Each structure stands twice: as structure tokens, then as C-alpha cells.
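This report describes strand pairing, salt bridges and surface charge in one protein model. The sequence and structure come first.

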Amino acid sequence: SGTWTDAVKGTSTLEYSTDGGTNWTNVTGLQSASGVTMSWNATIDVAEGSEKSIKFRATDLAGNTSDEADYTFSGITFDFSVPVITFDSYVEKTNSSFILSGTVSDILRISSSKATITATKDGTSRDVTPSWTAVTEDKSYRFSVTVPASSTNHENDGQWEFTVNASDEAGRNAAVATASSLIDTKAPELETPSITIEESSKVSDITYFNQSNVIDFKIDVKDDDDEITTSGVKAVQYAISSGHTNLTYDAAKSASPSTIVADWAKLSEEEENSWEATIKALQKAGNGEYVIFVRATDFAGNTADSSVIKLLADNISPVISETDNIDKYIAVDEENKFELSGTVSDTHLTAVTSSATVGNDSDSAESVVWDREANTWKISQTIANDDSSHSFTYAITAKDLAGNTTTHNKTVY
């Protein structure tokens with residue numbers, strides 16, 4: 001704003017140029033101050049930078065134009081841009097130490113002393129010490145913050161929130177930049193797995209099964225903490241090895257040839273913290289030992305293994321034989337008794353039972369007696385003391401630990 005004077009009264013023009021006189025712009029809204037003096041006020045657009053020069057010229061009603069007047073803004077820098085904050089390195093979830101890094105920059109001038117980085121862990125303020133390196137002096141600075149992780153004391157585990165602020169020399173503030181990183185150095189916790197197989201048995205730590213069995217597998221896995229934020233369970237998997245119940249997964253994998261029957265397959269989370277699967281890879285398993293390995297992985301990359309599950313496939317049914325191979329008719333002794341006997345063989349035999357039907361209502365069928373150590377069976381039958389005919393039909397069934405059964409039918413008169 002200012003005034004200008006002309007010896008003759010009347011409306012004239014006032015112009016300014018910001019490009020050295022190449023282009024001129026009229027100043028509008030001229031007002032008479034007193035006599036031949038005019039006042040003016042103008043908003044002038046200038047580009048960012050320093051040492052800006054503006055030229056002025058005036059023209060009266062007679063067409064006379066004044067000499068150009070220069071006004072130079074020395075020591076003044078025009079700054080219309082806000083600083084910019086960018087991140088170039090940080091992780092969302094990790095189980096190890098990490099570095100948060102980025103830059104603060106400004107088109108004209110900025111100082112690292114006018115930038116701040118603050119941090120919280122699970123909502124509690126934490127001290128951090130950023131390092132600053134000039135990328136372009138007075139215009140761009142790189143920052144980095146190192147956050148250590150400890151798998152021993154887990155002291156830095158939790159959800160970290162970082163806030164970066166910056167302002168330039170003109171006092172303009174950058175848009176606040178935030179970043180989140182989760183440190184989780186604790187592996188998931190696996191409970192003891194459980195196997196459900198119909199018609200099978202478990203002896204010591206070995207579960208027996210056969211090819212007809214449906215194997216349902218279940219395990220509880222947790223990855224939580226009341227004190228800190230954790231990453232959560234990402235996947236629970238199982239793998240199956242054959243032949244060596246004392247091998248680790250890595251040893252079974254690298255064995256020559258590899259004993260891995262089925263490599264890592266996922267279980268499904270049926271409900272919170274409970275993971276289940278129906279294992280189909282063993283439905284055609286050959287006889288022998290098998291091991292199920294289980295591992296859980298969280299979103300931070302921590303992995304935990306459960307104890308192995310030992311299985312034994314037995315697809316061979318028990319064998320039942322008779323000692324005397326009686327055809328149909330059998331004699332009784334003076335006490336009206338007769339006896340059927342034989343052997344039963346199976347490596348993993350668990351039970352020998354019998355059922356019977358009688359042809360005479362006065363008779364009552366006896367049950368089979370199994371001698372586990374001798375692998376023999378015997379039925380001692382007493383018949384009613386009368387003159388009527390008698391018949392007995394026995395079904396003798398042997399069952400092993402894997403659920404295989406054999407039934408031997410015998411009818412005698």
C-alpha cells in the first residue's frame with residue numbers, strides 16, 4: 001500500500017510487475033487522499049523464495065508515464081509450503097528389533113531442531129532417541145529410531161505408536177505423521193493335542209488305528225497376554241512322519257529317504273483358541289508307526305511346537321482257530337457238559353467276547369473265557385438234563401487295539 005502524486009487531478013492508473021517489467025498488472029481501488037495525491041492498496045502474488053523485487057509505474061490522464069520504481073524485499077523469504085514427513089522403513093508386526101526411519105523436508109528451509117518424535121507402548125509414553133542426518137542441508141533430514149526386542153525378558157513387547165511432528169522456519173506445521181509397530185517375541189502356547197478315533201485304543205503314549213478309522217485331531221493354541229498386546233495366532237499346522245517315532249520333524253524330513261508322509265497342512269479354527277482337523281492322509285496308511293508333528297505360528301513370526309503324537313497303524317485282523325475242529329455234533333460227558341476251545345492270535349489283541357443263541361429254552365449259553373497269556377479261548381457248556389434235542393450257535397469275536405475284529409461262528413448239536 002502507499003500513495004502517489006500527480007500535478008493534474010483526475011483518474012490515472014498504477015501498475016506493478018513482479019517479473020522485471022515484462023508483464024504489468026493494474027492496481028485497482030485507487031482512492032483520492034488529498035488534492036493530487038492518490039492512495040492505493042494491493043495484494044501482490046509472488047513466488048516462493050527470497051530477494052524479491054517489484055516494479056511500479058504510474059500513468060496520468062494525459063498519458064504521461066512515470067519512471068519505474070523498484071522495491072526490493074531484502075532479507076525476506078516467502079514460504080508458502082508446509083514441510084513434508086515421509087516414512088521409508090517400519091514394520092507392522094515383528095519378533096525382533098526394528099528401525100523406524102523416514103525424512104522431514106521443506107522446499108525452502110527446515111531444521112531438525114524443529115522436528116519431534118514421540119512414542120507410546122500400549123498407551124504408555126516411552127522415551128526414544130532419534131538420530132538425524134542431513135540429506136540436503138537446511139532442506140531435508142533423515143531420522144531413524146531403533147527399538148530393540150528381547151526374547152528373554154520381552155520388555156519391549158507390545159503395540160508401539162510413533163508420532164512425528166515438524167515445522168519450517170516460517171512456522172508452518174507439517175501434517176502429523178503416525179506409524180504403528182507391534183513387537184511380539186513370545187511364541188504361541190500349545191496345549192496337549194487330542195486324537196479321537198472310533199474303535200481304537202491308546203496304550204502308554206501310542207494310539208492304535210486302522211485304515212477304516214476317521215482320525216479327528218484337536219488342539220488348543222493361545223497367543224495372548226493380559227499385560228501386553230500380542231500378534232495373535234496366524235496358523236496351526238500338522239505334518240506326519242512314518243517309521244520313526246523318535247525323530248524330530250527336521251530329522252524325518254532330511255532322512256534318506258524322507259519319512260514325511262504328509263507335509264505341513266493347516267488346521268481350522270473352529271472356535272476361539274481351538275483348532276481342529278480331520279486327518280485323511282492316514283486313511284490308507286500301511287502297517288507301522290507314525291508321528292504327528294504340530295506347530296503354531298503367530299503373526300509376528302514366532303513358532304512353537306507341541307509334543308509329538310504317536311500312532312500305530314494295524315490293518316491286520318485277529319485270527320481265530322478251533323482246537324478240535326468239531327463239525328456239527330458234539331458228545332457230552334457224564335455231567336452233561338461239552339467244551340469248545342481254540343486259539344486267537346494278534347499282535348495287539350485287546351478282547352475276546354462271545355454271544356450265543358440256544359435251540360432249547362431250558363438251556364443257557366455260557367460265555368467264552370480268554371486266556372490272554374496263552375492266547376487261547378474256551379467255552380465250557382452245560383446242557384439241560386432232559387430227553388429233548390439241544391443246539392447252540394456261538395459267535396466268538398476277537399478285537400485288537402486298532403479296532404480290527406474277527407468273528408468265528410460255530411453251531412453244535
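## Strand pairing

Strands β24 and β25 (residues 274-279) run antiparallel and are joined by three bridges. Strands here are DSSP runs of E with at least two residues, numbered from the N terminus, and two strands count as paired if DSSP finds at least two bridges between them. The model is predicted, so local features need pLDDT of at least 70 and side-chain atom pairs count only at pLDDT 80 or more, while totals for chains, interfaces and linings use all residues. Residues are numbered from 1 along each chain as its sequence is written, and side-chain values use heavy atoms, with hydrogens and water left out.

Within the β24-β25 pair, Glu271 stands opposite Ser274 in β25. The two strands form a hairpin with two residues between them, and Asn273 in the turn has a positive phi of about 70°.

Strand β22 (residues 233-242) has eight of its 10 residues buried, so the rest of the structure largely encloses this strand. Buried means under 20% relative accessible area, exposed means over 50%, and partly exposed lies in between (1.4 Å probe, protein chains only). Nine bridges connect β22 with strand β26 (residues 288-298) in the antiparallel sense, and Ser241 faces Val291 of β26. β22 also pairs antiparallel with strand β23 (residues 260-266) over four bridges, where Ile240 stands opposite Ala262.

An open sheet of five strands, with mixed pairing, follows the order β9-β16-β15-β11-β12. Its edge strands are β9 (93-94) and β12 (124-126), each of which pairs on one side only. Inside this order, strand β15 (residues 158-168) and strand β16 (residues 177-183) run antiparallel and share seven bridges; Glu161 stands opposite Ser180 in β16.

## Salt bridges

A salt bridge is a side-chain nitrogen of Lys or Arg within 4 Å of a carboxyl oxygen of Asp or Glu. By this rule the model has 13 salt bridges. The table gives examples.

| Pair | N to O distance |
|---|---|
| Asp70 and Lys55 | 2.8 Å |
| Lys114 and Glu169 | 3.5 Å |
| Asp122 and Lys121 | 3.8 Å |

The salt bridge between Asp70 and Lys55 links distant parts of the chain: Asp70 is in strand β7 (residues 69-78) and Lys55 in strand β6 (residues 49-59), 15 residues apart. Asp70 is partly exposed at 47% relative accessibility, whereas Lys55 is buried at 17%. Lys55, Glu68 and Asp70 are linked in a network of salt bridges.

For the salt bridge of Lys114 with Glu169, Lys114 lies in strand β11 (residues 110-121) and Glu169 in the loop between β15 and β16, so the pair ties together parts 55 residues apart in sequence. Lys114 is partly exposed at 36% relative accessibility, and Glu169 is partly exposed at 38%.

In the third pair of the table, Asp122 is partly exposed at 30% relative accessibility, while Lys121 is buried at 11%.

## Negative patch

Glu189, Glu191, Asp220, Asp224, Asp226, Glu227, Glu269, Glu270, Glu271 and Glu272 form a negative surface patch. Patches are made of residues with over 30% relative accessible area and no salt bridge, with like charges joined within 9 Å and nonpolar side chains (Val, Leu, Ile, Met, Phe, Trp, Tyr) within 5 Å. Strand β24 (residues 268-271) gives the most to the patch, with three residues. Glu269 is in β24 and is partly exposed at 43% relative accessibility.

Definitions and conventions. Areas by Shrake-Rupley, 256 points an atom, 1.4 Å probe, with all protein chains shown as cover. Lys, Arg positive; Asp, Glu negative; His and termini not counted. Charge placed at Lys NZ, Arg CZ, Asp CG, Glu CD.
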